[in-house]
Every structure is written in structure tokens, then in C-alpha cells.
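Reader: I should like to go through this complex with you, contact by contact. For each term you apply, please tell me what justifies it.

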2 protein chains.
Amino acid sequence: MAQAIRLHQVKSPLKASCQQCSLSNLCLPLAVEDNDLERLEDIVQQGRIFNRGEHIFDQSTPFRSCFAVKSGSVKTSIITEGGEEQVTGFFMPGELIGLDSMSGEHYACTAKALERTSVCEFPVEKLEDLTGKIPGLQHHMYHLMSQEIQNSHQLTMLLSKNTAEERIAALLLSLSSRFQRRRMSGTNFSLPMPRNDIANFLGLAVETVSRVFTRFQNQGIIKARGREVELLDVEALQMVTRDFSRQGCQQ
Amino acid sequence: MAQAIRLHQVKSPLKASCQQCSLSNLCLPLAVEDNDLERLEDIVQQGRIFNRGEHIFDQSTPFRSCFAVKSGSVKTSIITEGGEEQVTGFFMPGELIGLDSMSGEHYACTAKALERTSVCEFPVEKLEDLTGKIPGLQHHMYHLMSQEIQNSHQLTMLLSKNTAEERIAALLLSLSSRFQRRRMSGTNFSLPMPRNDIANFLGLAVETVSRVFTRFQNQGIIKARGREVELLDVEALQMVTRDFSRQGCQQ
DNA sequence: CGACCAATTTGATTCATATCAAAGGCATAC
DNA sequence: GTATGCCTTTGATATGAATCAAATTGGTCG
């Protein structure tokens, strides 16, 4: 068995081993029984690397695959004909990109690596075959897509009802919980994206984002130096978000 | 064959006949071969009626089914603990409700009939079974959910970048194209929802919506009396929306 | 038919955030 | 080491839409 894997690796260095991946409890393998895992591994191409700023795909790329983030982080955004950008999401390890593109010939958004990032590629055609055969995996796909809709509705709500402070508090808490899921500190982390992208995502001007950060800092709620952030008073942040609670629980 | 159908109808008056439904080219049957259609009809419960204001489900209802609008129209919204409402969508005949709820035990939103409305019910458990067996149907479900994500992203964009006028123009055009899909007039229709819901959906105050309507009217772009709307200058509306183009092309 | 309640419209004022402008900080490259 | 450019911060001003207030319309029901 181990030999078989090695053999494949010789043939194709990208051959996946989801079993050994530390993200197997977050990513697609989560929904697959051990004895079916091999079938998933058969269709994955693992470990493509992108440097900061590189596109994983853009809106002119024919839609072929969904991508799971393995390490690093990714920003997705819609670029209009006029060149305006709307950031639609940030994706961290274990999260799946491309679900919004499963209709249409081309990707519905542009995905850009925010830092040096590695991704696993799932060709949709094969993935659809597989989900047809593994009910649990099909169910999980529905689950993930449904989550994605909910997340987007939460963002809609944030944009339509909440102040700048509330939006930013919500984003910080979302990031925090996603770091925690990966057994990393939920209070001490480094923002993968520039202020600019935060602003765009939250429908604010960069200046406003900056001002809110300093205001939070003056209130002793957070400590921020550049992208390094420390959440000093999570409760206070939760108070700020009021009833906008759990955006971004992607699983 | 006709007898068999009649027989079923005697047993259960809700037994579906998707074949005869005028929406079969918009709704789920669209993705199903003729010889599989019966299997879809087997799981559908057709024709439940709701009066204006009645809930099809709410956020405390255990999630069991998706619903296709057969006639009338439906508003979905998220109600927060604080009682605030965020309208997340309007659904017209042929469109499918509940895709955002396919994760979690309960519905992720509340669905309310905007007028006397009839819906077809698809129990998800059976639907998932069926999509596992009919690849085209599974594909279509992915397609619809993906569309829903895209629609929500378009709304996000609208809220974060566009003025009140642009948002309302976009909504009018979206409704227009959805009426046209049903072979109804795209320039002369009756809004199924009150100004209040439009405002909430678009992240505006009612007063603003009202003002924009009268402004458009003074400019000769539309004619509106109550919910009755006539689009006099579609081109002008399209100009107003700028590069926000095709929101709500749900198919 | 008239009365009541809800939905819509209109007007005056306020406010949060955008925009404009510019200075400081940080990292990369030469 | 210093220069270049980008990212971030800070300040002053402008503005679109919210809010507050009230009149008007419209539909429903006794």
C-alpha cells in the first residue's frame, strides 16, 4: 500500500495523501469514510504553489476545478468591466474555493494568493462523479455551498445594517475563530490581507478602517502593529458586533 | 398511464405532475430527462397554498425540504435575535427556496408569502438520494446553489459600491428579466413586495426608496403608481446601474 | 359610506462615512 | 545605506442617505 503510493508519487509528484494532511478534519476528507478516502485522493492534485500576488484563476479562466487552501491564504474578488473590485471572501487553510463558479463556463471571481500559498486542486468533473457515488461527500458539498450562501447573507446584513466598527469587529472575530479551528491562537495572529482589502470587503474606505483600528486600540480592545493583531478584549469585540454573531463559520 | 396518474391523485391530491406544469422549463424538471421525470414527481408534494403574510417556514422550523414557487411570490429574510430583519431575497415562480439551509438543523431564514402563493415541496432527504442517482439533477443543484452565491455577491457589491438610484435600477431590471423569463411583460408589471421590503433588501430607508421612485418618474424613466410599475426607458435604467449588470439571472 | 390602519410620499435636519490632502512608516531594491 | 514606492495613519471637509416629523393616499372592514 505504502509502495503503491510511492509509486504514484514517482509518476506524479502531486499525488495526494489526504490521510496525512493536517487539514483532513476541515477539508473535504472530513466527509469521507476511510475506505473511500483513496477515491478522493485519486482525483486530487496536491500542492500547487503560488507566490504572493499570483492568480490561482481569474474571471477569464475556464472553470475546471475547485481548490482547497493547504497553506497560506487567498482573496477572491469580482472585477467589473469598469475595473472596480469587490472582494467577496478570504480563504484560509482547509477552506474550499470555487463553489460560486459551479455554474457557467468561467470562474465567477478572481482568486489571488495573499501570501505564498499552496492549494489542492479538485477537478469538478471528477468531483461530481465522486459525489454521485459517495452520498456523504455529496451531502458535504451541499453543506459547504449552503454555508457559503449563508456567509454571504451575513455579509449583506453587515453591509446594510452595521457601522464601520461593527463590521470590523465582526471580521476580526471571524478570523479569530478560523485561526482557532486550526489550533492556532485566536487572540494573537497576523492579518493575511492589507487594510485595503479589508476596506473593500467590508464596503468601507481604507481611511475608515485605519481609524477604527486606532479607535479600538485606544479603547484597549485590540493591539495592532501593521498586520500583527492581538485581541485584548474579545468580549468587548463581541459586544460591538451586537447580534451579528457567527459569520464565517465555514464548516 | 393517464389512469395511473389519476389513481395517485385520488390517493393523494398533492401528487405532482411536473410534466404538465408550465414552469417545467425553469424549475428542477429542467435538468431531468423525460424518463427520469417520474422519479422527481414521486418525491414532490405539489400545490401547498399560502395566503399573503403566511410563513412557509421560519428559522425555528426544522429543515426538511426545499420549495419551488409555483405561483405568487415569496420573500426570504433573516431575523436576528434582536428582531431586526434583513431581506435576503425575493422568489418568483420557478425559483427554488431553501438552498441556504442545506447545512444545519433549522432553516437559515424565514420565508413568507408576499401574496397568495402556491409551492411545491421537495423533501431534501429524498432529493439528495435522487441527485445521487441522476447526475444531471445533481449538476443542476450545484448550478442553482452556485447561482445563489453569485447573486448574493452581486447584492454585496450593490450595497458596498452603489448609490440608492443604482440599487433600485438594478432591482427593477432584475425583476424585469425574471418576468420576461416567464413570458410576461418585462416593462409592465406589478411589484410583489411593499416599498419597505425593497428598502430593507437594498440596505436603504423606505423614504429613500420612495424618493428615488419619484425621481425616476420625474425623469421619465419609469411610471409608478403604487406597486404598478412601467419601465419607460430600459436603456436609461441600464445606464444607471453602470457595470452592475445581470443580478438575479437565477437560471 | 365613512373610519381606521397601513403604506407611501414629502420636507427639514443630522450624521456617519467618503473624499481630499498630506505626512509618516516600512519594506524592498539598488 | 539610502532611495523608491507602497501601505498606513491622521486631519479637514463634503455629501448621500438616515432620521425625524407630518401629510397624503389607499385599502379594508364594520
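Author: The model is a predicted one. I begin with DNA strand D, where a backbone N or O atom of B:A164 lies 2.6 Å from a phosphate oxygen.

Reader: What makes the pair formed by B:A164 and a phosphate oxygen of DNA strand D a polar contact?

Author: A polar contact requires a pair of N or O atoms within 3.5 Å. The backbone N or O atom of B:A164 is 2.6 Å from the phosphate oxygen, so the pair meets the definition. Two side chains of chain A also reach phosphate oxygens of DNA strand D: A:S210 places an N or O atom at 3.0 Å, and A:T214 has a polar atom at 3.4 Å. Both values fall within the 3.5 Å limit, so these pairs are polar contacts as well.

Reader: Which residues come closest to DNA strand D, and how many surround the strand?

Author: DNA strand D is surrounded by 15 residues, of which A:R195, A:R211, A:T214, B:A164 and B:T208 are the closest. To be counted as near, a residue needs one heavy atom within 4 Å of the strand. By class, this surface comprises four nonpolar, six polar and five charged residues. Sugar or phosphate provides 56% of the strand's atoms within 4 Å of the protein, and bases provide the rest.

Reader: Which elements supply the surface near DNA strand D?

Author: At least two residues each come from α6 (195-202) and α7 of chain A and from α7 of chain B. The element that gives the most is α7(A), with four residues.

Reader: What is found around DNA strand C?

Author: There are 15 residues around DNA strand C, and A:A164, A:E207, A:T208, B:R211 and B:T214 come nearest. Of the atoms of DNA strand C that come within 4 Å of the protein, 56% are sugar and phosphate. The surface near DNA strand C has four nonpolar, six polar and five charged residues. Here α7 (206-218) of chain A, α6 (195-202) of chain B and α7 (206-218) of chain B each supply at least two residues, and α7(B) has the largest share, four residues.

Reader: How do you know which part of DNA strand C the side chain of A:R211 addresses?

Author: The partner atom decides this. A polar side-chain atom of A:R211 lies 3.0 Å from a base oxygen of DNA strand C. In contrast, the side chain of A:T208 has an N or O atom 2.3 Å from a phosphate oxygen of that strand, and the side chain of B:T214 has one 3.4 Å from a phosphate oxygen.

Reader: How is the size of an interface expressed, and what is the value for chain B and chain A?

Author: Interface size is often given as the accessible area lost when the parts come together. Between chain B and chain A, the buried area is about 4,000 Å², with carbon and sulfur atoms giving 55%. On the side of chain B that touches chain A, β5 (85-91), α3 (124-133) and α4 (135-161) of chain B give two or more residues each. The most comes from α4(B), with 19 residues. That side divides into 11 nonpolar, 22 polar and nine charged residues. The contact takes 42 residues from each of chain B and chain A.

Reader: How many polar contacts and salt bridges link chain B and chain A?

Author: The rule finds 29 residue pairs in polar contact across the interface, whereas the count of salt bridges between the two chains is zero. Over all chains, the count comes to 16 salt bridges.

Reader: Why is the pair of A:E121 and A:R48 called a salt bridge?

Author: The term requires a side-chain nitrogen of Lys or Arg within 4 Å of a carboxyl oxygen of Asp or Glu. The closest N and O atoms of A:E121 and A:R48 are 3.0 Å apart, so the pair qualifies. A:E121 belongs to strand β8 (residues 117-123) of chain A and A:R48 to strand β1 of chain A, so the bridge ties together parts 73 residues apart in sequence.

Reader: What makes β1 and β6 of chain A edge strands?

Author: The open sheet has four strands in the order β1-β8-β3-β6 (chain A), with antiparallel pairing. β1 (45-50) and β6 (96-97) of chain A each pair on one side only, and are edge strands on that ground.

Reader: What justifies saying that β3 and β6 of chain A pair?

Author: Pairing needs at least two bridges. Two bridges join β3 (residues 65-71) of chain A to β6(A), so the requirement is met. A:F67 has A:I97 in β6(A) as its bridge partner.

Technical notes. Residues numbered from 1 in each chain as written. Chains lettered and ligands numbered in written order. Predicted model: local features only at pLDDT ≥ 70, side-chain atom pairs only at ≥ 80, totals over all residues. Heavy atoms only, no water. Polar contact = N/O pair within 3.5 Å; in protein donor to acceptor, adjacent residues only side chain to side chain. Nonpolar A, V, L, I, M, F, W, Y, C, P; charged D, E, K, R; others polar. Contact = heavy atoms within 4.5 Å. Buried area = accessible area lost by both parts, 1.4 Å probe.
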